[in-house]
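Q: I have a structure open and would like to learn how to read it feature by feature. Could you walk me through it?

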Amino acid sequence: DADGNEVVADWHNGKTGMIGKSYDGTLPNATAVTGIDGLATIVPISAISNWYWYTRLAGARLSGWHNNYPASLSRAVTNTDRRDYCAPFREVLNANDGDESGDYTPFWVERDYMPDVGNIDVPVFIVHGLQDDNVKTNHFAELWYALQEMDKPRKLWLTRAGHEEAFDFRRAEWVDTIHRWFDRWLFDIDNGIDQEPKVDIETDPDVWEAHEKWPLHDTTPTHLWFRPGTESEPGGFGLQRLPGQMNQSTFLDHTTQSETTIISNLTSVTPNRLVYLSDPLEAPVRLSGTPTVDLSAIVDQPDTDFGAAVVDFGPPKDRVSRSSEGVINASPPVETCWGESASVEDGDAWTDDGCYFETVKNINTSTTWRVARGGVDGLNLYDYSNPTPLVPGETYEFSFDLYPSDYIFEQGHQIGVVIVSSYRTLLCPGEAPGCNAPNTDRPTVTLNVNNSRVTLPIVGGVQAAESAGF
């Protein structure tokens with residue numbers, strides 16, 4: 001108490017759980033990696049596991065994040081009465097955040113929870129959107145991979161929505177599940193929740209599957225080697241590397257084309273991208289995990305980015321839209337009540353009646369859909385901490401992960417892979433402040449097609465790919 005006397009919280013049983021979404025979900029991650037006593041479980045929802053990944057990717061700044069973001073966030077979460085007091089520290093953040101390079105510097109090493117993930121000694125219930133373009137999917141996936149490798153008590157929900165609360169995309173199931181989860185780990189009630197399938201995945205709008213692991217059982221990294229296209233047709237894929245002479249394809253960097261431009265009209269050949277497109281699938285193909293792109297390429301200037309997107313191309317299909325994070329209020333409005341009401345006196349009196357508007361998925365019907373994407377800074381090919389200029393004319397192996405996904409390509413659809421240099425909607429091109437690199441005097445990239453490929457985590461591996469017609 002105020003006099004320094006120890007006060008016992010006799011209402012507390014000594015076990016504490018932490019839950020939250022986004023920044024508030026990141027705090028449980030940050031706490032759990034300390035291994036602190038008394039923590040019994042965490043439930044990170046759309047949460048960050050490495051602050052570098054939040055505003056950076058593979059040596060480059062992510063588009064959409066303004067300069068000096070850490071200081072801006074610090075100001076936002078600081079009590080208004082102490083913002084002036086903390087201003088000198090925000091200047092320290094600004095001086096060390098590395099906006100000018102996007103590299104993985106000591107500043108970001110301090111803000112990376114993954115090296116200490118082995119200290120997590122509590123059950124973890126992760127909830128994340130497969131279409132979360134705010135906290136990208138590598139945040140949940142890398143943490144989940146580590147928990148699975150260590151065989152920690154764990155649970156995972158993956159929704160087709162974006163940066164959303166489980167209460168707003170699967171309300172009744174969530175209320176029941178989260179109560180049972182906390183009953184189990186805070187009150188030692190043996191209700192069997194830890195014996196149920198560990199993973200729930202939304203495969204189509206409001207269609208859920210239960211699985212024991214993720215990536216799904218029998219998922220195998222499957223190499224799809226590129227096949228050269230022509231002046232009028234995109235390239236294709238093969239399950240074996242093409243022997244013989246080295247086929248080459250050339251494209252020009254373009255710093256301002258949007259993602260819509262990058263992934264649209266996949267049957268058209270344009271000068272600023274390369275497209276590889278499967279035949280219509282003879283059977284469904286399911287991706288589950290982290291795709292990887294390996295490119296053998298020559299660049300005629302000392303620096304460029306590389307970007308790639310995996311695209312579903314085919315007949316019109318209803319999907320959860322990326323607009324409004326995929327969730328909107330039902331129309332006409334409907335309210336339902338959950339839990340007890342509460343009255344709070346704080347200045348003006350107000351009452352929390354425990355009632356909320358029902359929500360529905362925001363549906364998009366389209367023929368083209370971005371399934372996964374990623375990129376790398378050419379200056380940081382082998383070391384995200386130290387940039388090294390490219391030697392013009394020399395062949396390099398550009399290898400980078402795409403953001404993890406779980407997605408079913410339906411029979412009759414086509415799998416497309418698009419390769420670009422600058423991917424302006426994802427990565428800030430070059431080193432220009434404000435992501436405003438000019439679209440003049442841009443590098444030309446020559447791809448060695450025979451030595452380049454995409455590796456997709458396909459459920460069923462090569463056999464499934466062969467059944468689909470590869």
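A: Gladly! Let's begin with a cut-off: a residue is called buried under 20% relative accessible area, exposed over 50%, and partly exposed in between. Keep in mind that this is a predicted model.

Q: With that cut-off, how does E466 count?
A: E466 has 48% relative accessibility, so the residue counts as partly exposed. You will find E466 in helix α10, which covers residues 461-467. E466 also shows how sequence and space can part ways: A283 is 183 residues apart from E466 in sequence, yet their C-alpha atoms are 9.2 Å apart.

Q: Is T137 buried or exposed?
A: T137 is buried, because its relative accessible area is 3%, and a value under 20% counts as buried. T137 sits in the loop between β5 (124-129) and α6 (138-150). Setting aside residues up to four places away in sequence, T137 touches H128, G129, L130, D132, Y403 and P404.

Q: Now the whole chain. What do the overall numbers say?
A: A useful check sets the radius of gyration against that of a compact globule: for 470 residues the expected value is near 23 Å, and the protein has 24 Å, so the two agree. The C-alpha atoms fill a box of roughly 80 × 55 × 45 Å along the principal axes. Of the 470 residues, 52% count as buried. Among contacts with a separation of 6 or more, 78% come from residues 24 or more positions apart. The secondary structure comprises 10 helices and 27 strands.

Q: How should I read a sheet?
A: The general idea is that strands of a sheet pair through backbone hydrogen bonds, either parallel or antiparallel. Here, one open sheet has 6 strands in the order β1-β2-β5-β6-β7-β8, with mixed pairing. β1 (16-21) and β8 (207-211) are at the edges with a single partner strand each, so each has one side without a neighbour in the sheet. From one strand to the next, the twist averages 15°. β7 (residues 199-204) pairs with β8 in the antiparallel sense over 5 bridges, and V199 stands opposite H211 in β8. Helix α1 packs on this sheet, touching β1 and β2 (39-45), with its direction at about 140° to that of β1.

Q: What is the order of the strands in the open sheet of 4 strands?
A: The order is β12-β25-β15-β22, and the pairing is antiparallel. β12 (274-277) and β22 (363-377) have a single partner strand each, so one side of each edge strand lacks a neighbour in the sheet. The twist averages 20° from one strand to the next. Inside this sheet, β15 (residues 305-320) and β25 (residues 414-420) are joined by 7 bridges, with F313 opposite Q414 in β25.

Q: And how do I find what lies in the core?
A: In soluble globular proteins, nonpolar side chains tend to be buried together. In this model, the largest nonpolar core has 97 residues, and W214, F226, F306, V310 and I419 touch the most other members. Beyond its neighbours within four places in sequence, F226 contacts residues including Y276, L295, V417, I419 and L447. A second, separate core of 19 residues includes V43, I45, W185 and W208.

Q: Which residues of helix α3 are buried?
A: In α3 (residues 69-77), they are Y69, P70, A71, L73 and S74. Their cover includes α1 (23-32), α2 (51-55), α4 (83-96) and α5 (106-109).

Notes
Residues numbered from 1 in each chain as written. Predicted model: local features only at pLDDT ≥ 70, side-chain atom pairs only at ≥ 80, totals over all residues. Heavy atoms only, no water. Pairing = 2+ DSSP bridges. Helix = DSSP H or I, 4+ residues; strand = E, 2+ residues; numbered from the N terminus. Axes fitted to C-alpha atoms, helices over the stretch in contact; angles between N-to-C directions. Rg over C-alpha atoms; globule rule 2.2 N^0.38 Å. Buried < 20%, exposed > 50% of the residue type's maximum accessible area, 1.4 Å probe, protein only. Contact = heavy atoms within 4.5 Å. Core = buried A, V, L, I, M, F, W, Y, C linked by side-chain atoms within 4.5 Å.
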